[in-house]
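Hi everyone, thanks for coming. Today I'd like to walk you through one protein chain, starting with the whole and then visiting a few residues.

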Amino acid sequence: MTEPTSTPDITLSSSAGKWILFSTILASSMAFIDSTALNVILPSLQNNLQANGTDIFWILNAYLLMLASLILVGGTLGDKLGRKKIFMIGIAIFMVGSVACGFAPTVEWLIGARAVQGIGGALMIPGSLSIISATFHHQEKGKAIGTWSAATTLVTVGGPILGGALGDAGLWRAIFFINLPIGLASLVVLYRKVPESSNDSLDHRLDYAGAITVVLGLALLTFGFLEIPELGWSHWKVYGTLATGAILLVAFVRIEQVKSNPMVPLSLFKDQTFTGANLLTFLLYAGLAIGMLFLSLNLVQVQGYRQVQAGMTLLPFTILLASLARWVGGLVDRYGSRWLLVSGSVLAGFGFFWFSTVGLTEGPSQFWTTYFPGILLFGLGMSLTVVPLTTTVMASVADQHSGTASGINNAMTRTANVFANATVGALAVVLFTNYLEPTVDSLLLSESNREAIMQQAANLGDAQVPKVVPIDKRDKVQQAFQQSFIDMFNQLMYISAGLAWVSAAVAFILIKKRQITEK
């Protein structure tokens, strides 16, 4: 079944609308549960597989490397070959990767399995919003996306909590196996209840030159950023891959300009709102990636939270997002998205700034007066931003390009995550080292002891006091590790806040002052 050329007329109250939302929510939940729980179980995973700080970043970024490289292709394939078909293939590959992650005996195996998950995610993630955008009536598109956002948040609200509980119990592998029943159920519903949608007006020939160029360009650019924490900016592998990736992306733009069947119609970027929304996405989600990763590490490794407690700290954020998403979607349908995006980004920035004011605490007993106000602020900010941002992107393009638009916007999100994790991962080690060095020097230790301590800087919050350090100095070294992490964390939160506030300025300048209307 192909997508009709007339205006989509499926509503939220119709049987077809309910099945479409249920299946897309169910499948999307796999990726959300996986990502939210993974941050919380990192300490258990790190201990069980003897992973160092660099390994942790690669466990996170192997997935993002494949996702960022292929997600544009995934979105375009859905538009041209059938959104449901590509969505289901992505789900199946994601499930295979999840099983491989669950059985991983080594760090290297886990990194490879995460890459397989990334391939599946690249085909799966653009599909849910593409199907929703192409099938629901324009007057209900905002509410439909809001419902999807609220429901996926409710389904995945237990991700950090469940991840923490399983991590504390030494069962972190179960996080990956959870994807099996979810994936199977979503495949059954999609196969039996959801019609196929594509568009006959599109040229169904595949743009192989564009696809190969953009995949290689994004892969090399992403790989270059990921190598920065270990090799530094001056290493030839870093600047060589970054330069080659940039050249290939320039070549991709040139190919798309002359192709009769471009993978990404560059005319989409002539729309100021589409361009602005994607720039805002990159900036805001880069700040969010920094904040969420280092907040989890801070709570567990430095502040003394158990992993399940660290997971529960984000409960206010998820409750806010779930409870406000559909209401905010209705506001977008009625009034447009500009001021919601501006105010939401500003509030999120203040939330990150609040985190930068928190020092070393006495643990979970002080949560309500330390981290809770910041979580409330950035949670409210993101609740006002997520649905308007997604709706703005999807509503600023014609329906036949919904998969491509979703792929572009998701590519911005994932590339922001990779960029943030890579560059800030390198910066974190530098800052931690700089804060640690003066304190270690003041302890008047031998050169061998000093070197052993400084070598632990690469492990950040998981830094362990070397056994060679004299007993009477070990407590001071441990305190130095903790305080250096806190000082580093506060600097990173300034960066997250700044990125959120810049994204607010982008929304004010580039998002048009108009109601979202049918394209």
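I'll begin with the overall picture and then go to single places in the chain.

One thing to keep in mind is that this is a predicted model. So what is it built from? The protein chain has 20 helices and 0 strands. Its C-alpha trace spans about 75 × 45 × 45 Å along the principal axes.

How does the radius of gyration fit with a compact globule? For 519 residues, such a globule would have a value near 24 Å, and the protein chain has 23 Å, so the two agree. Buried residues account for 61% of the 519 residues. As for contacts, take those between residues at least 6 apart in sequence: 84% of them join residues at least 24 apart.

Now the outside. The chain exposes about 20,100 Å², and carbon and sulfur atoms supply 65% of that area. There are 30 positive and 28 negative charges, and the mean positions of the two groups are 9 Å apart.

Let's go inside. The largest nonpolar core holds 153 residues, and Phe-294 and Phe-378 are the ones that touch the most other members. Which helix gives this core its largest share? That is helix 11, residues 272-302, with 18 residues. Apart from this core lies another one of 6 residues, including Phe-225, Ile-228, Val-238 and Leu-242.

Please find Phe-378 on the screen. What does it touch, if we leave aside its neighbours within four places in sequence? The contacts are Leu-288, Met-292, Leu-314, Phe-317, Leu-347, Ala-348, Gly-351, Phe-352 and Phe-355.

Now for the two ends of helix 11. On one side is the loop between helix 10, residues 236-258, and helix 11, and that loop holds Asp-271. Buried or exposed? Asp-271 has a relative accessibility of 11%, and the cut-off for buried is under 20%, so this residue counts as buried. Asp-271 is 239 residues away from Leu-510 in sequence, yet their C-alpha atoms are 9.8 Å apart in space.

On the other side, Arg-306 sits in the loop between helix 11 and helix 12, residues 307-312. Not counting residues up to four places away in sequence, Arg-306 touches Asp-168 and Val-300. Arg-306 and Leu-376 are 70 residues apart in sequence, with 21 Å between their C-alpha atoms.

Next, a helix that is mostly covered. How many residues of helix 17, which runs over 386-395, are buried? The count is 10 of its 10 residues. Among them are Val-386, Pro-388, Thr-390, Thr-391, Thr-392 and Met-394.

Here are two serines to look at. Ser-29 lies in helix 1, residues 15-48. With a relative accessible area of 1%, Ser-29 is buried. The C-alpha atoms of Ser-29 and Gly-159 are separated by 9.6 Å, although the two residues are 130 apart along the chain.

The other serine, Ser-484, belongs to helix 20, residues 471-510. Ser-484 is buried as well, with a relative accessible area of 2%. Beyond its neighbours within four places in sequence, Ser-484 is in contact with Phe-432, Tyr-435 and Leu-436.

My last stop is Met-124, in helix 4, residues 107-135. This methionine is buried, at 2% relative accessible area. What does Met-124 touch, not counting residues up to four places away in sequence? The list is Ala-27, Met-30, Ala-31, Phe-87, Gly-90, Ile-91 and Phe-94. Between the C-alpha atoms of Met-124 and Ile-93 there are 9.0 Å, and in sequence these residues are 31 apart.

To wrap up, we have looked at a predicted model with 20 helices and 0 strands, and with a largest nonpolar core of 153 residues. If you turn the model yourself, you could start at Phe-378 and look for Phe-352 and Phe-355, which are among its contacts. Thanks for listening!

Key. Residues are numbered from 1 along each chain as its sequence is written. This is a predicted model: local features need pLDDT of at least 70, side-chain atom pairs count only at pLDDT 80 or more; totals for chains, interfaces and linings use all residues. Side-chain values use heavy atoms; hydrogens and water are left out. Helices (H or I, at least four residues) and strands (E, at least two) are DSSP runs, numbered from the N terminus. The radius of gyration is taken over C-alpha atoms; the globule rule is 2.2 Å times the number of residues to the power 0.38. Buried means under 20% relative accessible area, exposed over 50%, partly exposed in between (1.4 Å probe, protein chains only). Contact means heavy atoms within 4.5 Å. Accessible areas come from the Shrake-Rupley method with a 1.4 Å probe; for residues, only the protein chains shown count as cover. Lys and Arg count as positive and Asp and Glu as negative; His and the chain ends are not counted. The place of a charge is taken as NZ of Lys, CZ of Arg, CG of Asp or CD of Glu. A nonpolar core is a set of buried Ala, Val, Leu, Ile, Met, Phe, Trp, Tyr and Cys residues joined through side-chain atoms within 4.5 Å.
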